[in-house]
Amino acid sequence: MIIKISGLSDDVHDFVFEEKIEKLELKEPFFGNYVAKIELKKFHNQIILNSDIYTTAAFECDRCGADFKTNLQNKFQIAYLFGNYSEENNLENVVYLPSDTDKINLFTELRDYALLSIPMKKLCREDCKGLCYNCGKNLNEGACDCDKQQADPRWQPLIELKKKMNIN
Ligand SMILES: [Zn+2]
Ligand SMILES: [Zn+2]
């Protein structure tokens, strides 16, 4: 994830990195490789870098508890400015580089944006139906008969517990 910038022409350059996710010092829920597709525009005293990062991760569905794997994606833009700037120009996503900088290391950004791509709510699919509060059946696999039957009173404490535990 290191881009050599010394000697790069004022132009648009594309880079693709594919490495094991461990290279970003990330582990679960991530697995396999990450891919970073980078477009770097260099002109005058600046570089505008646009990056897409793709990862794969394994989660447990918040609603039905099923294990699932999914592709995650995120993007970020950074502007690199060469030369000396005052600290007042401390803008987000703007990095000031000494004019003799010869490479850019994207480790921190790729790692951060990969982590940010983890969804708050992990669902095996958007319309996951979850589990029946009553019988515990995974409703993605079909409806249960609970609507039709009177709930067995012996299950009542478990039903209440499930309701409490289900934060969705
Ligand atoms: Zn689910
Ligand atoms: Zn049921």
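Two strands count as paired here if DSSP finds at least two bridges between them. Keep that in mind as we walk through this predicted model together.

**Exercise 1. Get an overview.**
Find how many helices and strands the protein has, and in what pattern they follow along the sequence.

*Solution.*
- Step 1: Count the elements, and you will find 2 helices and 7 strands.
- Step 2: Now read along the sequence, where the pattern is β-β-β-β-β-β-β-α-α.
- Step 3: Turn to the contacts between residues at least 6 apart in sequence: 59% of them join residues at least 24 apart.
- Step 4: Finally, look at burial; of the 168 residues, 13% are buried.

**Exercise 2. Lay out the sheet.**
Work out the strand order of the open sheet, and say which strands stand at its edges.

*Solution.*
- Step 1: Follow the pairing from strand to strand, which gives 5 strands in the order β2-β3-β4-β5-β6, with mixed pairing.
- Step 2: Look at the ends of that order. β2 (12–20) and β6 (94–97) each have a single partner strand, so one side of each has no neighbour in the sheet.
- Step 3: Check the twist: on average, neighbouring strands of this sheet are turned by 25 degrees against each other, direction ignored.
- Step 4: Zoom in on β3 and β4, an antiparallel pair with 11 bridges. One residue to try is K41, whose bridge partner in β4 is I48.

**Exercise 3. Find the two sides of a helix.**
Decide which residues of α1 are buried, and why they fall on the same side.

*Solution.*
- Step 1: Within helix α1 (residues 107–116), pick out the buried residues: E109, L110, Y113 and A114.
- Step 2: These residues cover an arc of only 125 degrees around the axis, and therefore they sit on the same side of α1.
- Step 3: Go round to the other side of α1, where F107, T108 and L116 are exposed.
- Step 4: Ask what does the covering. The cover over the buried residues includes β3 (30–43), β4 (46–60) and β5 (67–82).
- Step 5: Place the helix: α1 lies across β3, β4 and β5, and runs at about 140 degrees to β5.

**Exercise 4. Describe one loop residue.**
Locate P29, classify its exposure and list what P29 touches.

*Solution.*
- Step 1: P29 belongs to the loop between β2 and β3.
- Step 2: A residue is buried with 20 or more C-beta neighbours within 10 Å and exposed with 12 or fewer. P29 has 16 inside 10 Å, so P29 counts as partly exposed.
- Step 3: Leaving out residues up to four places away in sequence, P29 touches A57, A58, F59 and I118.
- Step 4: Compare with K69, 40 residues from P29 along the chain: their C-alpha atoms are 9.3 Å apart.

Definitions and conventions: Residues numbered from 1 in each chain as written. Chains lettered and ligands numbered in written order. Predicted model: local features only at pLDDT ≥ 70, side-chain atom pairs only at ≥ 80, totals over all residues. Helix = DSSP H or I, 4+ residues; strand = E, 2+ residues; numbered from the N terminus. Arc of directions from axis to C-beta. Contact = placed C-beta atoms within 7 Å. Axes fitted to C-alpha atoms, helices over the stretch in contact; angles between N-to-C directions.
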